[in-house]
Amino acid sequence: MSEMNNIKDYLKSLGASKVGFADVNGLASEFIDLPNAISIVLKIPKETIQLVKDESYEEYWASFHKQIDKLTEISLKGEEYIKNLGHNAFGLTMTRNECDMKKLLSILPYKTMATKSGLGWIGRSALFVTPEYGSAVALGGILTDMPLDFGTPITDSECDDCTNCQDACPVDAINPQKWNDRLNRSDIIDIEVCAEYIIDQYKSGLGCTKCMSECKLTQEYLKKEE
Ligand code: SF4
Ligand code: SF4
């Protein structure tokens with residue numbers, strides 16, 4: 001079995017739900033010697049999504065952060081595994097990928113790695129969407145110089161005529177425009193309106209993740225037997 005299949009199986013054995021490979025040459029300027037990316041998708045457990053529906057936001061965030069901890073562990077173990085094969089690697093954990101919190105800039109957006117790997121697309125909600133779990137996913141990644149067989153990048157929305165997230169948004173922050181990789185995030189969502197609402201809700205111990213929980217494909221995932 002090739003090194004590439006081995007790393008995919010290894011990451012899945014640690015709990016990754018989906019793993020893909022992307023050419024990110026030149027996109028992460030600090031890491032030009034690591035031109036390949038491994039995108040890691042972790043599904044959010046159904047019980048965690050139920051907490052949003054029950055408006056138990058404190059428990060929801062505690063549960064969500066456990067998923068982020070799991071992603072961190074998978075990325076760092078993946079980095080070690082690749083290094084042991086004689087290649088270089090850098091696990092892009094959440095902490096390592098936050099290079100400018102004020103401007104919300106990262107070394108390389110997880111969504112870029114994931115769409116370029118062909119694992120899903122950006123939904124109307126500006127969230128990353130997978131066919132299997134909708135937008136109920138958390139993303140991670142690893143940069144490496146290990147040769148990888150890249151997936152086919154997804155460059156256009158596959159949301160079709162669905163508008164569930166747009167209809168569910170309490171403050172109309174989601175624009176009718178569907179994503180393609182030539183657009184900016186501000187073309188599809190008014191992030192300031194969304195952020196203002198979330199901050200307001202947060203003050204009352206609540207939150208808003210309706211575009212994730214009400215996504216048509218998240219709903220289909222919730223109904224699936226696993
Ligand atoms: S998080 Fe809430 S306010 Fe923001 S876009 Fe989604 S549904 Fe709208
Ligand atoms: S609810 Fe529909 S339009 Fe919104 S992200 Fe999900 S599939 Fe796309």
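**Note on a predicted structure: a buried glutamate, a sheet and two spaces**

1. Glu79 has its place in helix H3. The model under review is a predicted one, and the remarks below should be read with that in mind. Is Glu79 buried or exposed? Its relative accessibility is 10%, and it therefore counts as buried, since the term applies to values under 20%. Once neighbours within four places in sequence are set aside, Glu79 is in contact with Ala89, Phe90, Gly91, Arg96 and Ile142.

2. His87 belongs to the loop between H3 and E3. Not counting residues up to four places away in sequence, His87 touches Glu3, Ile82, Thr144, Asp145, Met146 and Pro147. One of these contacts, Met146, illustrates how the fold brings together distant parts of the chain: the two residues are 59 residues apart along the chain, yet a separation of 5.7 Å is found between the C-alpha atoms of His87 and Met146.

3. The sheet deserves a careful look. It is an open sheet of 4 strands, which follow the order E1-E2-E8-E3 and pair in the antiparallel sense. Which strands stand at the edges? They are E1 (18-23) and E3 (89-92); each has a single partner strand, so one side of each is left without a neighbour in the sheet. On average, with direction ignored, neighbouring strands here are turned by 20° against each other.

4. The pairings can be followed residue by residue. Strands E1 and E2 run antiparallel and are joined by 6 bridges; within this pair, Gly20 stands opposite Ser39 of E2. On the other pairing of E2, residues 36-43 of that strand meet residues 137-144 of E8, again in the antiparallel sense, over 8 bridges. Here Ile40 has Gly140 of E8 as its bridge partner, and Leu42 stands opposite Ala138 of E8.

5. How many of the residues of E2 are buried? The count is 7 of its 8 residues, and the strand is thus mostly covered. A helix also meets this part of the sheet: H1 (residues 3-13) lies across E1, E2 and E8, and it runs at about 140° to E1.

6. A search of the whole structure for cavities of 30 Å³ or more finds 1. The largest cavity holds about 60 Å³ of space. Its lining includes Ile68, Leu71, Thr72 and Ser75, together with Leu92, Tyr110, Leu139 and Gly140. Helix H3 (57-84) and strand E8 are the elements that give two or more residues to this lining, and H3 gives the most, with 4 residues. By character, the lining of the largest cavity divides into 6 nonpolar and 5 polar residues, with no charged ones. Gly140 thus appears in two settings, as the bridge partner of Ile40 and in the lining of the largest cavity.

7. The second largest pocket contains about 150 Å³ of space. Its lining comprises 16 residues; those that lie nearest the centre are Cys159, Cys162, Cys215, Lys216 and Leu217. Two or more residues are contributed by helix H6 (164-168) and by helix H10 (216-223). Which kinds of residue form the lining of this pocket? The division is 8 nonpolar, 4 polar and 4 charged. The reader may set this beside the lining of the largest cavity, where no charged residues occur.

Definitions and conventions
Residues numbered from 1 in each chain as written. Chains lettered and ligands numbered in written order. Predicted model: local features only at pLDDT ≥ 70, side-chain atom pairs only at ≥ 80, totals over all residues. Heavy atoms only, no water. Pairing = 2+ DSSP bridges. Axes fitted to C-alpha atoms, helices over the stretch in contact; angles between N-to-C directions. Contact = heavy atoms within 4.5 Å. 1 Å grid on protein atoms, 1.4 Å probe; cavity = no way out; pocket = protein on both sides within 12 Å on 5 of 7 lines; lining within 4 Å. Points joined across faces, edges and corners; volume = space filled by probe spheres on them. Nonpolar A, V, L, I, M, F, W, Y, C, P; charged D, E, K, R; others polar. Buried < 20%, exposed > 50% of the residue type's maximum accessible area, 1.4 Å probe, protein only.
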